[in-house]
Amino acid sequence: THLTIEGLGPHEKTEIDIDPKGTTEIRGSSEAGKSVILDAICFALTGTDRDGKPLAIEAIRDGAKFADVTITTEKGTQ
């Protein structure tokens with residue numbers, strides 16, 4: 001499974017490989033954008049942030065023309 005985040009929070013373009021059969025650890029300093037990754041996943045799956053609220057326009061990275069979140073999975077992966 002592959003996650004791509006563009007133009008959201010501090011993420012100009014971030015790509016993360018997620019192990020669907022294991023654990024993926026996301027670490028970083030304060031304000032590095034770890035919570036934005038959770039918001040991005042929730043937005044891609046449900047259209048809301050991790051609190052169930054619409055994603056705020058302020059979440060789009062300053063200077064970005066758009067925000068895009070893509071989750072790609074392999075066929076047959078459980």
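**Strand pairing, core and exposed loop of a predicted β-β-α-β model**

Strands β1 and β2 form a hairpin with 2 residues between them, and glycine 9 in the turn has a positive phi of about 55 degrees. Helices (H or I, at least four residues) and strands (E, at least two) are DSSP runs numbered from the N terminus, and two strands pair if DSSP finds at least two bridges between them. The structure is a predicted model, in which local features need pLDDT of at least 70, side-chain atom pairs count only at pLDDT 80 or more, and totals for chains, interfaces and linings use all residues. Residues are numbered from 1 along each chain as its sequence is written, and side-chain values use heavy atoms, with hydrogens and water left out.

The mean pLDDT (the predictor's confidence in each residue, from 0 to 100) of the protein is 89, and 96% of its residues reach 70 or more. Among the elements, strand β1 (residues 2-8) has the highest mean pLDDT, 95, and α1 the lowest, 92.

The protein contains 1 helix and 3 strands, which follow the pattern β-β-α-β along the sequence. Its radius of gyration, taken over C-alpha atoms, is 13 Å, close to the 12 Å given for 78 residues by the globule rule (2.2 Å times the number of residues to the power 0.38), so the protein is as compact as a globular protein of that length. The C-alpha trace spans about 35 × 25 × 25 Å along its principal axes. Of the contacts (heavy atoms within 4.5 Å) with a separation of 6 or more, 53% are accounted for by residues 24 or more positions apart.

Strand β1 pairs with both other strands. It runs antiparallel to β2 (residues 11-17), to which it is joined by 6 bridges; glutamate 6 stands opposite lysine 13 in β2. The pairing of β1 with β3 is also antiparallel, over 5 bridges, and threonine 4 stands opposite threonine 70 in β3.

Of the 78 residues, 18% count as buried (under 20% relative accessible area; exposed is over 50% and partly exposed in between, with a 1.4 Å probe and protein chains only). Strand β1 is mostly covered, with 5 of its 7 residues buried. The largest nonpolar core (a set of buried Ala, Val, Leu, Ile, Met, Phe, Trp, Tyr and Cys residues joined through side-chain atoms within 4.5 Å) has 8 residues: Leu3, Ile5, Leu8, Ile16, Val36, Ile37, Ala40 and Val69. At least two residues of this core come from each of β1 and α1. Beyond its neighbours within four places in sequence, isoleucine 5 is in contact with His11, Glu12, Lys13, Thr14, Ile37, Ala40 and Asp68.

Aspartate 39 lies in helix α1 and counts as buried because its relative accessibility is 14%. Residues up to four places away in sequence aside, aspartate 39 touches Thr48, Asp49, Arg50 and Leu55. Proline 54 is placed in the loop between α1 (34-46) and β3 (68-72); its relative accessibility is 70%, so it counts as exposed. The C-alpha atoms of proline 54 and phenylalanine 43, 11 residues apart in sequence, are 8.3 Å apart in space. For the protein as a whole, the exposed area is about 5,800 Å², of which carbon and sulfur atoms supply 49%; accessible areas come from the Shrake-Rupley method with a 1.4 Å probe, and for residues only the protein chains shown count as cover.
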